[in-house]
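Colleague: Please take a close look at the site of the ligand and describe what surrounds it.

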Amino acid sequence: MRISLDESIHQLQNGQVVGIPTETVYGLAASIHHQKAIQEIFRLKGRPSNNPLIIHVSHIKDVFSFVQETIPDLDLLARDFWPGPMTLVLPIKTNLIPNIVRADLPTAAFRIPSHAMTLKVLSSTGPLVMPSANLSGRPSSTQAAHVENDFGRDFPVLDGGSCNQGLESTILIYNHHQWEIIRQGAIIADRFESTLGYKPLIQDSASDKPLCPGQMYKHYAPLAKLIPVYSFENITKGVVIGFSDRSYPKGCHLISLGNLSNPEEIAANFYHALRLLDQEGHSEAMVDMNFPNIGLFNTLQQRFSKILHSVNH
Ligand code: TXA
Ligand code: MG
């Protein structure tokens with residue numbers, strides 16, 4: 001159910017959970033001051049309690065008010081990438097942030113989103129915790145209709161249109177005296193180089209105890225089974241998640257991610273395409289994996305491999 005900006009603010013201030021747009025994906029928002037609403041987020045998503053939430057704020061001073069110590073280059077990263085699709089995991093004054101938000105960790109994740117509506121909401125409500133607005137393990141939401149699809153037609157959503165980035169924020173942590181990427185996202189690793197003087201290392205999420213707890217879990221997966229095809233000449237018939245500038249044989253039903261020359265378009269379409277598979281009732285689809293492994297395609301590759309290697313999939 002679509003609700004207005006004022007109604008969203010009102011409901012959040014009254015301890016309700018509301019679907020909120022951001023430039024990356026839609027979030028399920030609750031005020032950091034309403035413990036019951038935060039519990040409700042975990043219940044609604046079916047999210048394990050050891051998977052912490054990102055705290056969204058409208059101004060850098062809000063981040064500094066929670067942080068325990070100064071971290072090298074935090075100010076530079078904030079200057080260059082906030083508001084925007086970057087999340088920073090920082091050591092915090094633990095008494096200021098409820099355990100449930102940070103899954104008992106001595107750190108918390110922070111982001112200043114750039115979507116104009118989100119900033120308006122945040123400036124009235126103060127800090128909001130917000131995981132992506134999807135059932136745990138399933139594709140994220142990039143439209144208000146996706147949120148209603150997962151949480152019901154009566155679930156309150158602020159409609160901010162289609163998310164222009166379409167992939168989640170890039171998450172960094174300061175570890176061993178340097179910044180490292182613990183979740184690839186809408187900002188590619190190379191872009192941090194001019195700010196930091198080095199390209200942040202991308203942490204392997206395959207370990208048992210990744211620095212980003214969420215990466216332990218099944219993620220982003222549609223109900224349909226995805227079959228990776230690395231050489232697109234091998235695609236002969238059936239449902240294909242592929243690219244609009246490639247011609248597939250006549251017997252194929254293409255669900256297009258967009259044009260290979262436009263990775264931003266592909267990122268923006270990614271979750272909608274995965275959701276279409278289930279909406280159209282397909283039980284399986286081939287994925288044309290024949291794309292370059294650079295820039296945003298690298299994030300895309302990571303998202304696909306997370307789905308393909310999911311347990312229970
Ligand atoms: O773009 C985004 O980041 C979106 C929008 C709504 O802002 N949010 C999002 O939230 O993707 P979520 O909950 O789906 O993913 C947050 C990730 C999880 O994998 C979680 O484990 C990690 O951030 N995280 C949160 N707090 C952390 C912490 N203290 N240390 C390490 N990882 C943390
Ligand atoms: Mg998520």
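Modeller: What follows covers the ligand, its contacts and its pocket. This is a predicted model, in which local features need pLDDT of at least 70 and side-chain atom pairs count only at pLDDT 80 or more, while totals for chains, interfaces and linings use all residues. Residues are numbered from 1 along each chain as its sequence is written, chains are lettered from A and ligands numbered from 1 in the order in which they are written, and side-chain values use heavy atoms, without hydrogens and water.

There are 27 residues around ligand 1, and Thr24, Asn51, His56, Ser169 and Gly214 come nearest (a residue counts if one of its heavy atoms lies within 4 Å). By class, this shell has 15 nonpolar, 8 polar and 4 charged residues (Ala, Val, Leu, Ile, Met, Phe, Trp, Tyr, Cys and Pro count as nonpolar, Asp, Glu, Lys and Arg as charged, the others, Gly among them, as polar). Strands S4 (54–56), S6 (107–111) and S10 (178–183) each supply at least two residues to the shell (strands are DSSP runs of E, at least two residues, numbered from the N terminus). S6 gives the largest share, 4 residues.

Oxygen atoms of ligand 1 lie 2.6 Å from a side-chain N or O atom of Asn51, 2.6 Å from a polar side-chain atom of His56 and 2.9 Å from one of Arg183. Taken alone, ligand 1 exposes 680 Å², of which the protein buries 98% (Shrake-Rupley method, 1.4 Å probe).

Notes. A polar contact is a pair of N or O atoms within 3.5 Å; within protein, one must be able to donate a hydrogen and the other to accept it, and residues adjacent in sequence count only if both atoms are side-chain atoms.
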